[in-house]
Amino acid sequence: MRSHQTYTSPSAITFKDRSCEAGKERRTTTLLGADDVRRAITRIAHEIVERDRDLSLLAIIGIRARGDALAARVQAAIRANEGVDVPLGAIDITLYRDDLTRIGYAPVVRESEIPFSVDGRVVVLVDDVLFTGRTIRAAMDALVDYGRPRAIRLAVLVDRGHRELPIRADFIGKNVPTAAGDDVRVHLAEVDGRDEVEVVTKVPA
């Protein structure tokens, strides 16, 4: 892993970087580079197919905003390996969050796109980072509003631990030990212009 230290001054703080605090020194460590991300997605796609060989029952649904980009890549990897187009969807969990009242009265709600029936399917939910498990709980609540899947599985690029709910991933790109206060940042080319996973940690004074 590569790391470097950065110093955040008060003038550098923006609303887009809520993890930065004035006068706090932080260390940014690169966990996954572009090739690592590509290999992780390829491995996840292989593991999904190995577990559920009947691809006619399989569907992949990404959790917005980066899980849907990862889901599209997983679908593409399965197509390249198996010659099958697995149904692909995207789901927004904003209105199912258990902290909705804490994030403001005008949350940004994106459109869910599931252009197929989930009834009887093995649905693989895809997200970028698995942390407390609350996002996944919300995603499952949202998903069952569309029907009754045969099974729900979970694929994540990064599992950073610190679960607050009894939820685990079936397919994991990388397990990363973190402190609860660390900030794991997933950058994807579709959203951020590059593929990279970083962890930002506070440096003890």
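Helices and strands are taken here as DSSP runs numbered from the N terminus, and in these terms His 162 is found in the loop between strand 6 and strand 7. The model described is a predicted one. His 162 is not a glycine, yet its phi is positive, at about 65°. A second backbone feature is the peptide bond from Arg 64 to Ala 65, which is cis, with omega near 20°; Ala 65 belongs to the loop between strand 3 and helix 2. Both features can be set against a general background, in that most residues other than glycine have a negative phi and most peptide bonds are trans.

The strands that flank the loop of His 162 take part in an open sheet of 5 strands, whose order is 4-3-5-6-7 and whose pairing is parallel. Strand 4 (88–91) and strand 7 (171–175) form the edges of this sheet, each of them pairing on one side only. On average, and with direction ignored, neighbouring strands of the sheet are turned by 25° against each other. Strand 6 and strand 7 run parallel and are joined by 4 bridges, and Val 156 has Ile 172 in strand 7 as its bridge partner. Helix 1 packs on the sheet, where it touches strand 3 (58–63), strand 5, strand 6 and strand 7, and the direction of helix 1 makes about 150° with that of strand 7. Helix 3, which spans residues 134–144, also packs on the sheet, touching strand 3, strand 4, strand 5 and strand 6, with a direction that makes about 150° with that of strand 5.

Two packed helices are described by the angle between their axes and the distance between the axes. For helix 1 and helix 2, the packing angle is about 65° and the axes lie 9 Å apart, while the crossing of the two helices is right-handed. The contact brings Val 37, Ile 41, Ile 44, Ala 45, His 46, Ile 48 and Val 49 of helix 1 against Leu 70, Arg 73, Val 74, Ala 77, Ile 78, Asn 81 and Glu 82 of helix 2. Divided by class, the residues of this contact comprise 10 nonpolar, 2 polar and 2 charged.

Rolling a probe the size of a water molecule over the atoms shows where empty space is left. The structure holds 1 cavity of 30 Å³ or more, and the space in the largest cavity amounts to about 40 Å³. At least two residues of its lining come from each of helix 1 (34–51), helix 2 (67–82), strand 5 (122–130) and strand 6 (151–159), and strand 6 gives the most, with 3 residues. The lining consists of Ile 41, Ile 44, Leu 70, Val 74, Val 126, Asp 127, Ala 155, Val 156 and Leu 157; by class, 8 of the lining residues are nonpolar, none is polar and 1 is charged. Among the lining residues, Ile 41, Ile 44, Leu 70 and Val 74 also take part in the contact of helix 1 with helix 2, and Val 156, likewise in the lining, is the residue bridged to Ile 172 in strand 7.

Definitions and conventions:
Residues are numbered from 1 along each chain as its sequence is written. This is a predicted model: local features need pLDDT of at least 70, side-chain atom pairs count only at pLDDT 80 or more; totals for chains, interfaces and linings use all residues. Side-chain values use heavy atoms; hydrogens and water are left out. On a 1 Å grid over the protein atoms alone, a cavity is a set of points where a 1.4 Å probe fits but cannot get out, and a pocket is an open set with protein on both sides within 12 Å along at least five of seven lines; lining residues have an atom within 4 Å of a point. Grid points are joined across faces, edges and corners, and a volume is the space filled by probe spheres set on the points. Ala, Val, Leu, Ile, Met, Phe, Trp, Tyr, Cys and Pro count as nonpolar, Asp, Glu, Lys and Arg as charged, and the others, Gly among them, as polar. Axes are lines fitted to C-alpha atoms, for helices over the stretch in contact, and angles run from 0 to 180 degrees between N-to-C directions. A crossing is left-handed if the near helix is turned anticlockwise from the far one by less than a right angle, and right-handed if clockwise. Contact means heavy atoms within 4.5 Å. Two strands pair if DSSP finds at least two bridges between them.
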